[in-house]
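Me: I would like a close look at a single part of this protein, set against the chain it belongs to. Please keep it plain, since I am in my first year.

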Amino acid sequence: MSVNKNIVLMGPPGGGKGTQAVRLAAELNMKHLATGDLLRAAVAQKSDLGLKVKDILESGGLVSDDIIIALIAEQLDKMGSEQGIILDGFPRTVPQAQALDEMFKNKNNNIDYAIEIEVPDEKIIERITGRFACAKCGKGYHDKFMKPLKEGFCDVCGGNEFSRRKDDNKETVKERLAQYKQMTAPIIPYYQKQGKLVNINGDDEPNTVYQKIVNILLK
Ligand code: AP5
């Protein structure tokens with residue numbers, strides 16, 4: 001099955017955006033565009049972009065709008081007229097949301113839904129500090145909520161090495177959450193005014209959250 005809707009996945013750090021986007025892309029043949037993943041890849045490659053943003057990512061601050069907008073514009077250009085795009089981690093400020101609308105308008109396209117995954121603050125730190133991923137294929141796990149089926153081995157590729165993100169510590173998470181409330185929450189009324197906002201309770205089993213998103217997409 002393929003879904004042709006273009007969506008913005010919003011939510012606090014650790015809200016489950018990445019977890020849901022990976023499954024939506026795999027099962028509904030959608031295209032997953034995650035600014036956090038693109039930036040971390042640039043840091044790992046030590047590219048010019050990576051060197052510019054490394055400290056910002058590690059502190060939990062936001063990368064400047066001009067850098068991020070250029071990064072997304074480049075990715076959307078590469079995608080051409082593709083539909084079914086999941087934007088994960090973008091937009092994160094009102095100027096980014098305005099720029100995204102402009103980019104889609106220039107392609108005679110549009111965002112169909114902005115889906116806000118709501119998770120209470122007290123759950124965020126536990127989710128983030130327990131997160132890890134397979135070092136070989138990137139499959140995400142959690143110490144408590146999403147353990148590999150066989151301890152020590154990745155369910156997908158069988159790899160036995162895992163990694164944790166540098167910004168997944170208590171201090172940085174507090175800063176990321178503060179940034180979310182100050183800089184990103186204002187895009188909620190932006191999408192509400194356009195009639196595109198859908199809120200879902202993300203404090204639920206990952207599979208239940210997934211089904212709620214699928215119900216929105218198949219409406
Ligand atoms: P980014 O990578 O986008 O980080 P984030 O928004 O903080 O989101 P996370 O990736 O931490 O969380 P998630 O919602 O994807 O949760 P996940 O599914 O992994 O950005 C990183 C940095 O890049 C930013 O701080 C900023 O510096 C920069 N940046 C990126 N985009 C930018 C932009 N547009 N503008 C400026 N700067 C930008 O889940 C978390 C854990 O919980 C996992 O272990 C998972 O297994 C578990 N879990 C998931 N769902 C559930 C559930 N329902 N129940 C229990 N556990 C669950």
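Reply: What follows looks at strand β4, with the whole chain before it and a second sheet after it.

The structure is a predicted model. The protein chain has nine helices and eight strands, and strand β4 is made of residues 113-118.

Begin with the setting. The C-alpha trace of the protein chain spans about 45 × 40 × 35 Å along its principal axes. A compact globule with 219 residues would have a radius of gyration near 17 Å, and the chain agrees because its own value is 17 Å. Contacts tell us how the chain is folded back on itself: among those with a separation of 6 or more, 70% are between residues 24 or more positions apart.

Next comes burial. A residue counts as buried when its relative accessible area is under 20%. By this rule, 43% of the 219 residues in the protein chain are buried. In strand β4, five of the six residues are buried, so the strand is largely enclosed by the rest of the structure.

Now the neighbours of β4. Strands of a sheet pair through backbone hydrogen bonds, and the pairing can be parallel or antiparallel. Strand β1, residues 7-10, is joined to β4 by four bridges, and the two run parallel. One position to find on screen is L9, which stands opposite I115 in β4. Strand β8, residues 197-201, is joined to β4 by five bridges, and this pair also runs parallel. Here E116 has N199 in β8 as its bridge partner. Strand β4 therefore has bridges to β1 and to β8, and it is largely enclosed because five of its six residues are buried.

For contrast, turn to another sheet in the chain. Three strands form an open sheet in the order β6-β5-β7, with antiparallel pairing. Strands β6 (140-142) and β7 (162-163) stand at its edges with a single partner strand each, so one side of each has no neighbour in the sheet. Strand β5, residues 131-134, pairs with β7 over two bridges in the antiparallel sense. In that pair, C134 stands opposite F162 in β7.

Last, the surface and the charges of the chain. The accessible surface of the protein chain comes to about 11,400 Å², and 51% of it belongs to carbon and sulfur atoms. There are 31 positive and 30 negative side chains, and the centres of these two sets lie 2 Å apart.

Notes. Residues are numbered from 1 along each chain as its sequence is written. This is a predicted model: local features need pLDDT of at least 70, side-chain atom pairs count only at pLDDT 80 or more; totals for chains, interfaces and linings use all residues. Side-chain values use heavy atoms; hydrogens and water are left out. The radius of gyration is taken over C-alpha atoms; the globule rule is 2.2 Å times the number of residues to the power 0.38. Buried means under 20% relative accessible area, exposed over 50%, partly exposed in between (1.4 Å probe, protein chains only). Contact means heavy atoms within 4.5 Å. Accessible areas come from the Shrake-Rupley method with a 1.4 Å probe; for residues, only the protein chains shown count as cover. Lys and Arg count as positive and Asp and Glu as negative; His and the chain ends are not counted. The place of a charge is taken as NZ of Lys, CZ of Arg, CG of Asp or CD of Glu. Two strands pair if DSSP finds at least two bridges between them.
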